[in-house]
Amino acid sequence: MKKEKRKKSIFSRLVKSYILFLLGTLVLYVIAAAVILAYMGNGNMNNVSPQTVVKNDGTITDMEVLKRMGGWVEELDSDGNIIEVTGTKQTDTERYSTEELAQILDLGYVMYNNSGVYIEQHDVDSVKKYSACIRYVGEPKRVFMVFFPSEMVTYKLTFMMNGSGMGRVFLIAFLLLFILEVVVISLYFKKHMDKPLKKLMQGMDEVSEGKRDIVLDYNTDKEFEEIRDKFNLMAEKLKKSEEEKHEIEQNRNQMLLELAHDIKNPVASIKSSICALNEGLVEEDKKKDYYRTIEMKAERIRTLTEDMNTSLKLESDDYKLVLEEADVCEIVRRICVEFYEDITAVGKDMDIDIPDDPVMCMVDIKLFSRVINNLLVNANKYNTTGKEIGVKLFKDSDDVVIEVTDDGAAIDPEFVPRMFEAFSRGDSTRKTDGGTGLGLAISRKIIEKHKGTLKYMRAEDRNCFCIRLH
C-alpha cells in the first residue's frame, strides 16, 4: 500500500517562504554590494580595500580608486621620514615620530588642522581626519602608509559614489529588486490559496442555490484540506437533515390522511344517527342506543384528535418537557394499582417487581405516566392467549429500566419494524379494537424526548416492551 504523503501546513509553508525570502534578500544584497564594489574597484572588488594598493612585493598598482577617495601612499624609511609619495598628499608632514606611528597603529587615524598640521586635541571641530593603514612588505622590509579620509570608513560604499549619483542608482535598483521579490512571493501565495478558496466559494454558492450532492475534492495544505473535509461533512449533514425533514413531512401528511380516514367513519355514523333521530325513524326504546352510539363515536373522534395533537407537538423541536425529579418507582407502582383490578377481573395474573427504595429520575410525570399507561393497556387488550402481565423496574448501572411483559402470542415479525409508526396496527394475532394506532408511536416519542429508548423484544416466550432512561 502506498504510504500517504504527509501534508504541509500553511505555517510550515510560511516559515519556508520567509526563510527563502530572507535568503533571497541576502543574496540580492550581496549581489548588489558586489556590483557596487566591482564598480568602485574598476572591475576588481579587491581594489576597494586601501591595503591592497600596496602589493606584497612593495609595488603600487591601480591608484585610481584611492585617488578618487582623496587618498595617497607614503613610503617611510626606518626613522619615519617620508622618502616617496604616490598620489596627492593632503598634509605637510615630512616625518612621523615614534608617538605618531604608535597612535596610528593604535587608533587607525591621525588628525590635522585645515593647514595640514598634525594636532593632538580630539575635540576640535575644524580638524580633518585621515585614516591610515601601515604595510610592512618586501625583503628587506619596506614601510608604506596608505591614507584616506576617515569619513570613508563609516560607510565606504556611500563614500565611493559621492558626487557621482551612482549611490542613488544602486539604492533604487536594490529597492526595486526587493519589491519584485515581495510581489513574486505574494503572487505565489495568492495562486496557491486561490484554488481551494474558489472551490469553497463555488461549493457554498451551490449549497445556497439548493444543491445538496456537493463534494469538494482538491489537494492542498493541511488546513485547507481540513476545511474541505468539514465542508463535505456539513453538506452531508445538511442533506441528511433535509431528507429527514422531508420524511417527517411525508409522515405527517400520511398521519393527517390516516386521521381523516379514521374520522370519516365515526362522523358518518354520527350523521346518520342524528338524521334518523330527527326524522323520527327510531323507535322510543332504541333512542338510548342511538345516543350511546353518538357518544361513543364522538369520544372516538376526541381521542383521535387528542392523540394526533400530542404526536405533532412531540415532533416539534420547540416542545419542551416539564421535567422534575421524581420517584419512578412510585409513578409505576401507582399506575399498576390502577390497572390491577381490570387485569385480574378478566382472569389474568399481574406480576409486579418494583424496588421498595426510591429510584429518582428527571421525568415529565404526566407524559411518562402516559407511556406506562399505554403499554399496560396494550398488554391487557392484545394478550388474548396468555394469562400473565408483568411489570419490572430495576437499575442497570446508571440507567433506569422498566419492562412491561405479557405471555401472549408473538407479534408478527413483519409488523415489528413498523410497530412504532403512527397508525400502525397489529396483525391477526394481536388485532386492535378500534385503537388509534398512535399509542406506541406517541410512547416512543415521549421516551426519546427524555433522551431514552423504547424497544420491543421477544424473549423467553414473552413479549417485552423495554424502556431505558439514561
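**View 1. Glu74 sits in strand β1 of this predicted model.** The strand covers residues 72–76. E74 counts as buried because its relative accessibility is 0%, and the cut-off for burial is under 20%. Its side chain makes a polar contact with the side chain of W72, at 2.6 Å.

**View 2. The surroundings of E74.** Leaving aside residues up to four places away in sequence, E74 touches I82, E84, V85, K89, T91 and Y96. E74 also touches V143, F144, M145 and F147.

**View 3. The largest nonpolar core holds 53 residues.** Within this core, the residues with the most contacts are F368, L376, L393, F465 and I467. Helix α9, residues 328–345, supplies the largest share of the core, with eight residues. Another core, of 12 residues, lies apart from it. Among the members of that other core are L66, C133, V137 and V146.

**View 4. I467 and its contacts.** Residues up to four places away in sequence are not counted here. I467 touches V371, I372 and L375. It also touches V400, V401 and I402. I447, T453 and L454 complete the list. I467 is one of the residues with the most contacts inside the 53-residue core.

**View 5. Helix α8 spans residues 287–315.** The helix has 29 residues. From its first C-alpha to its last, α8 reaches 42 Å, close to the 42 Å expected at 1.5 Å a residue. Its buried residues are I294, I301, L304, D307, M308, T310, S311 and L314.

Key. Residues are numbered from 1 along each chain as its sequence is written. This is a predicted model: local features need pLDDT of at least 70, side-chain atom pairs count only at pLDDT 80 or more; totals for chains, interfaces and linings use all residues. Side-chain values use heavy atoms; hydrogens and water are left out. Helices (H or I, at least four residues) and strands (E, at least two) are DSSP runs, numbered from the N terminus. The expected span of a helix is 1.5 Å times one less than its number of residues. Buried means under 20% relative accessible area, exposed over 50%, partly exposed in between (1.4 Å probe, protein chains only). A polar contact is a pair of N or O atoms within 3.5 Å; within protein, one must be able to donate a hydrogen and the other to accept it, and residues adjacent in sequence count only if both atoms are side-chain atoms. Contact means heavy atoms within 4.5 Å. A nonpolar core is a set of buried Ala, Val, Leu, Ile, Met, Phe, Trp, Tyr and Cys residues joined through side-chain atoms within 4.5 Å.
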